[in-house]
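Colleague: Could you take a close look at the nonpolar interior of this model for me, and then carry on to whatever else can be said about its buried positions and its pockets?

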Amino acid sequence: MLGPMQVLRDGAELRICASRELAILASLVLNAGRAVSVDRLIETVWTESAPPSARRQIAICVSRLRRVLGAGVIETSSPGYLIRPAPDSIDWLRFQSLVARSRGEAAGKNREQAVRLLREALALWRGNPFEDIRGLRYDVARMEESRLEAAEACLELEIELGHHHEVIPELLALVAEHPFRERVRAQLMLAQYRAGRRADALRAYQETRRYLRDQIGLEPGPALRHLHERILRDESGLMRQPAHRAGAVVVPSQLPPRVLPFVGRGEELAALDAVLRPDPETALPGTTVLSGPAGIGKTALALRWAHDRAGWFPDGHLFADLEETEPAAVLGRFLRALGVPRADIPADRDEKVALFRSWTARRRMVVVLDGARDAAQVLPLLPGGADCRVIVTSTDPLDELVARQGAHREFVRPLAAEAARELAGLLAGPAGAQAVTDLLAHSSGNPLRLRMGAARIRSLAGSVTSGTG
């Protein structure tokens with residue numbers, strides 16, 4: 001699939017010449033292991049001009065494909081068809097597997113092996129996939145973006161390993177091919193600077209600035225501007241490995257302790273599992289908003305899930321209480337926790353945002369942002385990595401964050417009656433059944449009210465005991 005489409009059996013190519021059959025097979029393979037509906041296949045083949053007989057023609061094409069590929073390759077599965085391939089039988093799936101493995105090696109500081117895996121993955125590409133299938137143009141764009149991200153990751157690792165001289169020609173070609181990708185231009189500038197070509201690095205920035213202004217009327221982004229300023233100042237930090245790459249990986253663990261006792265919330269925890277699970281095969285929302293009234297248990301739920309799933313995020317766990325803190329201060333704390341030297345943290349907030357996203361771009365982390373007032377407070381604190389996950393708690397529903405970032409939202413409701421009674425019993429302790437009844441009557445399933453009421457009961461009980469003594 002990573003080039004002109006070919007189907008091979010025992011090294012011999014199977015001839016599939018009809019464009020409709022190729023489009024159907026391509027769509028099935030792109031969604032390997034998942035059923036593709038007949039309607040989606042019709043859209044792939046005809047885009048917006050399907051004939052009345054489209055469903056029948058799809059069935060005919062599938063029948064022809066089955067004759068070529070053999071029985072059992074294409075299964076009928078409502079609402080359409082699916083293919084269940086062997087893991088290494090499709091080059092696109094092998095590419096994704098190699099890239100995922102490289103991330104694990106890079107996280108474990110085995111950069112040489114990560115580069116080898118990425119080079120093996122990139123070598124699978126033989127050209128442009130599905131050039132004649134208009135119905136797959138969005139899938140093609142996704143595949144091409146994956147290829148470019150893998151190339152950028154590979155080149156970044158090679159620069160870290162000191163191969164800056166060797167990668168400059170490849171970076172120059174990538175810049176010419178994709179002139180709007182500022183990350184590639186930044187890599188070129190850094191490689192040139194480390195190779196002793198400071199003037200070339202500065203010229204590359206000026207060419208970038210001129211191109212962006214001429215083509216789209218914009219200045220380079222903050223990360224590129226910051227790199228340019230550092231090169232102008234001949235900062236020594238540009239010639240050394242950043243702290244988190246030179247030695248052991250800095251893995252922050254900022255989560256506050258769990259709120260105990262904790263009961264119920266099984267459905268909410270399962271929902272968080274479903275939307276926040278790191279999954280390279282599935283596009284999941286990176287951010288979830290837990291919204292509800294004060295004291296309803298949003299923070300306790302977020303911390304419970306983050307602690308229980310800490311193993312999913314080997315690169316760290318960040319936490320910030322946003323009620324009395326501005327994003328710029330939080331960014332500074334986050335960057336220091338990630339190992340950025342204090343002297344390398346810029347004063348400008350936008351540059352802090354860019355640096356934070358650069359440092360999180362290849363990490364698998366969870367970030368808990370507690371007590372957000374609005375979306376504007378949250379947006380600068382979203383990490384840059386596709387494998388990062390963010391939980392935001394707020395009394396506001398944060399509609400803007402849902403609309404702009406595609407964030408998932410869970411409304412946290414009062415505890416169910418059984419869970420509220422269990423929590424009240426645990427909190428009341430030896431105070432007895434009447435205390436539990438009183439707590440339930442005044443709490444309406446609000447965990448904070450239960451905890452405050454239980455604290456008052458224990459305080460009163462302590463005062464009585466002290467007075468009696």
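**The nonpolar core and its surroundings**

Modeller: In this predicted model, the largest nonpolar core is made up of 72 residues, and the ones with the most contacts inside it are I24, L25, I58, W92, F95 and F130. Helix α6, which spans residues 137-160, contributes the largest share of this core, namely nine residues. If one follows F130 outward and leaves aside its neighbours within four places in sequence, its contacts are M1, G3, M5, A26, L30, L136, V140 and M143. Apart from that core lies another one, of 31 residues, which includes F334, L355, L379 and L398.

As for a single buried position, T287 is found in strand β6, which covers residues 287-291. With a relative accessible area of 9%, T287 counts as buried, because that value falls under the 20% cut-off. Once the neighbours within four places in sequence are set aside, T287 is in contact with L382, V390, V392, L401, A407 and H408.

Turning to the pockets, the second largest one holds about 570 Å³ of space, and its lining consists of 20 residues, among which Q6, V7, L8, S89 and I90 lie nearest its centre. Strand β1 (8-9) and helix α1 (19-30) each supply at least two residues of that lining. By character, the lining of the second largest pocket divides into 13 nonpolar residues, two polar ones and five charged ones.

Technical notes. Residues are numbered from 1 along each chain as its sequence is written. This is a predicted model: local features need pLDDT of at least 70, side-chain atom pairs count only at pLDDT 80 or more; totals for chains, interfaces and linings use all residues. Side-chain values use heavy atoms; hydrogens and water are left out. A nonpolar core is a set of buried Ala, Val, Leu, Ile, Met, Phe, Trp, Tyr and Cys residues joined through side-chain atoms within 4.5 Å. Buried means under 20% relative accessible area, exposed over 50%, partly exposed in between (1.4 Å probe, protein chains only). Helices (H or I, at least four residues) and strands (E, at least two) are DSSP runs, numbered from the N terminus. Contact means heavy atoms within 4.5 Å. On a 1 Å grid over the protein atoms alone, a cavity is a set of points where a 1.4 Å probe fits but cannot get out, and a pocket is an open set with protein on both sides within 12 Å along at least five of seven lines; lining residues have an atom within 4 Å of a point. Grid points are joined across faces, edges and corners, and a volume is the space filled by probe spheres set on the points. Ala, Val, Leu, Ile, Met, Phe, Trp, Tyr, Cys and Pro count as nonpolar, Asp, Glu, Lys and Arg as charged, and the others, Gly among them, as polar.
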